[in-house]
Number of protein chains: 2
Amino acid sequence: MATDRDSVLLAAVGVLSRQPTAAMDEIARAAGISRATLHRLFPGRDALVREVAGLAMRRMAAALDAAAIEDGDPVEAVRRLADAIVPRATEAAFLTGESRLFDDSELWAAWEQIDARVAALFLRGQQSGAFRVELPAAWLSEAFLDLLAGVGWAVQEGRLAPRAGTSALTELFLGGALRRDQ
Amino acid sequence: MATDRDSVLLAAVGVLSRQPTAAMDEIARAAGISRATLHRLFPGRDALVREVAGLAMRRMAAALDAAAIEDGDPVEAVRRLADAIVPRATEAAFLTGESRLFDDSELWAAWEQIDARVAALFLRGQQSGAFRVELPAAWLSEAFLDLLAGVGWAVQEGRLAPRAGTSALTELFLGGALRRDQ
DNA sequence: ATCCCATGAGACGTCCGTGTCGCACCTGCG
DNA sequence: CGCAGGTGCGACACGGACGTCTCATGGGAT
């Protein structure tokens with residue numbers, strides 16, 4: 001069943017987000033299967049990594065959908081987005097570390113679409129007056145996704161409690177490091 | 001003279017920050033020397049990468065020194081830090097992408113010291129009431145360095161103008177995405 | 001002009017990861 | 001009980017990158 005492939009892909013995300021150069025051997029062990037079976041499921045390493053990337057993109061896009069980032073108050077939309085996407089921080093860390101994947105035009109387009117949707121949210125917020133206009137929406141989007149990847153790394157290395165990820169991302173990104181009431 | 005080694009190391013930072021798996025061949029070409037000379041200068045790939053990391057750490061630490069982050073008003077210290085360290089964003093991007101280097105205890109300690117100094121700055125700012133206390137100083141430090149790496153990537157890919165890096169980092173990190181005056 | 005020496009070019013062996021195959025096992029089913 | 005399908009294990013060949021070596025070249029110093 002397809003669950004097999006997906007569970008292998010999820011295990012691979014975990015390994016590859018930490019070690020982008022991990023060998024098929026390590027990925028197979030992390031997935032609890034043998035190297036032979038891994039090759040039976042996927043034609044080769046490239047195909048595996050590209051499928052991992054595809055799944056990661058779909059899961060991130062699904063988080064954008066679930067958060068309905070195109071609707072309602074932009075600030076609330078960002079909060080919903082953070083809630084929905086922090087559980088996908090590992091995927092973001094993987095994609096950030098596997099930047100050479102973006103030679104593939106299909107994957108590049110998928111990433112571009114995610115980035116564009118997030119940027120559109122920030123642009124909408126700038127037009128509504130909620131977000132600062134000094135910072136380009138494209139940079140806000142990139143910074144948000146970079147911080148998301150940072151959350152993924154920090155959680156994996158145990159430097160950040162998983163439950164703390166959402167507030168760490170939301171509070172820093174929206175409010176910054178400065179106290180506002182002084 | 002030592003300048004040779006350093007100029008090669010700087011060229012290597014540029015390549016490896018984009019392509020952490022770049023071959024000796026590509027690094028040599030980027031440095032304008034042959035693969036043979038590259039091997040004459042450095043015992044091997046591991047040694048080269050570790051020296052690149054060492055130089056990157058020293059340059060980042062020098063930026064902390066130059067900004068005198070241990071002195072004066074914490075907010076001003078962060079602004080000085082951003083000014084001084086954005087020119088080292090490529091190094092930060094390299095170190096972020098080469099996380100497996102941190103198995104080496106010496107490099108790990110050097111990174112830990114940089115991280116600790118930045119975290120101490122934020123802790124100092126929290127104690128003085130300038131920075132928000134809801135966000136752990138360790139996370140502020142990590143997020144700051146993640147955003148710095150993000151600036152490095154964005155500049156290299158041409159998505160962010162080099163001169164815009166400092167304000168992009170400072171404004172987002174200190175003030176967040178929200179407008180403060182409404 | 002001569003010598004020295006660093007460099008570039010190319011060839012070579014080695015290692016590691018990949019991809020494929022054959023075989024044994026085991027589990028579920030008829 | 002026998003069988004079929006899936007899985008693990010080990011062996012193999014292949015390829016690419018690494019590391020080393022030799023040799024020719026060219027620029028600089030004496």
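**Exercise 1. Contacts along chain A**

Task: Find what share of the contacts in chain A between residues at least 6 apart in sequence join residues at least 24 apart.

Solution. Contact means that heavy atoms lie within 4.5 Å. Among contacts in chain A between residues at least 6 apart in sequence, 66% join residues at least 24 apart.

The model is predicted: local features need pLDDT of at least 70, side-chain atom pairs count only at pLDDT 80 or more, and totals for chains, interfaces and linings use all residues. Residues are numbered from 1 along each chain as its sequence is written, chains are lettered from A and ligands numbered from 1 in the order in which they are written, and side-chain values use heavy atoms, with hydrogens and water left out.

**Exercise 2. The fold and dimensions of chain A**

Task: State how many helices and strands chain A has, and explain why its radius of gyration agrees with that of a compact globule.

Solution.
1. Helices (H or I, at least four residues) and strands (E, at least two) are DSSP runs, numbered from the N terminus.
2. Chain A has nine helices and zero strands, and its pattern along the sequence reads α-α-α-α-α-α-α-α-α.
3. The radius of gyration is taken over C-alpha atoms, and the globule rule is 2.2 Å times the number of residues to the power 0.38.
4. For 182 residues a compact globule would have a radius near 16 Å; chain A has 18 Å, which agrees.
5. Along the principal axes, the C-alpha atoms of chain A fill a box of roughly 60 × 35 × 30 Å.

**Exercise 3. Surface and charge of chain A**

Task: Give the percentage of residues in chain A that are buried, then describe its exposed area and its charges.

Solution.
1. Buried means under 20% relative accessible area, exposed over 50%, and partly exposed in between (1.4 Å probe, protein chains only).
2. Of the 182 residues in chain A, 51% are buried.
3. Areas come from the Shrake-Rupley method with a 1.4 Å probe; for residues, only the protein chains shown count as cover.
4. Chain A exposes about 8,100 Å², and carbon and sulfur atoms supply 51% of it.
5. Lys and Arg count as positive and Asp and Glu as negative, while His and the chain ends are not counted. Each charge is placed at NZ of Lys, CZ of Arg, CG of Asp or CD of Glu.
6. Chain A has 20 positive and 25 negative charges, and their mean positions are 5 Å apart.

**Exercise 4. How the two chains are related**

Task: Find what turn and shift lay chain B on chain A, and explain why the copies meet through the same surface.

Solution.
1. Copies are superposed by least squares on the C-alpha atoms of residues with pLDDT of at least 70 in both.
2. A turn of 180° and a shift of 0.0 Å along the axis lay chain B on chain A with an RMSD of 0.1 Å. That is the relation of a two-fold axis.
3. Of the residues of chain B, Gly176(B) comes closest to the rotation axis, its C-alpha being at 1.8 Å.
4. The copies meet through the same surface because 100% of the interface residues of chain B are also interface residues in chain A.

**Exercise 5. Two leucines in helix α8**

Task: Decide whether Leu147(B) is buried or exposed, and list which residues Leu148(A) is in contact with beyond four places in sequence.

Solution.
1. Leu147(B) lies in helix α8 (residues 137-156) of chain B. With a relative accessible area of 1%, Leu147(B) is buried.
2. Not counting residues up to four places away in sequence, Leu147(B) touches Trp139(A), Ala143(A), Leu147(A), Leu169(B), Leu172(B) and Phe173(B).
3. Leu148(A) is in helix α8 (residues 137-156) of chain A and is buried, at 0% relative accessible area.
4. With neighbours within four places left aside, Leu148(A) is in contact with Met60(A), Ile85(A), Val86(A), Ala89(A), Ala92(A) and Leu169(A).
5. Ala82(A) is 66 residues from Leu148(A) along the chain, and their C-alpha atoms are separated by 8.6 Å.

**Exercise 6. A positive phi**

Task: State where Ala68(A) is found and what its phi is.

Solution.
1. Most residues other than glycine have a negative phi.
2. Ala68(A) has a positive phi of about 50° although it is not a glycine.
3. Ala68(A) is in the loop between α4 (45-67) and α5 (74-85) of chain A, and is partly exposed at 25% relative accessible area.
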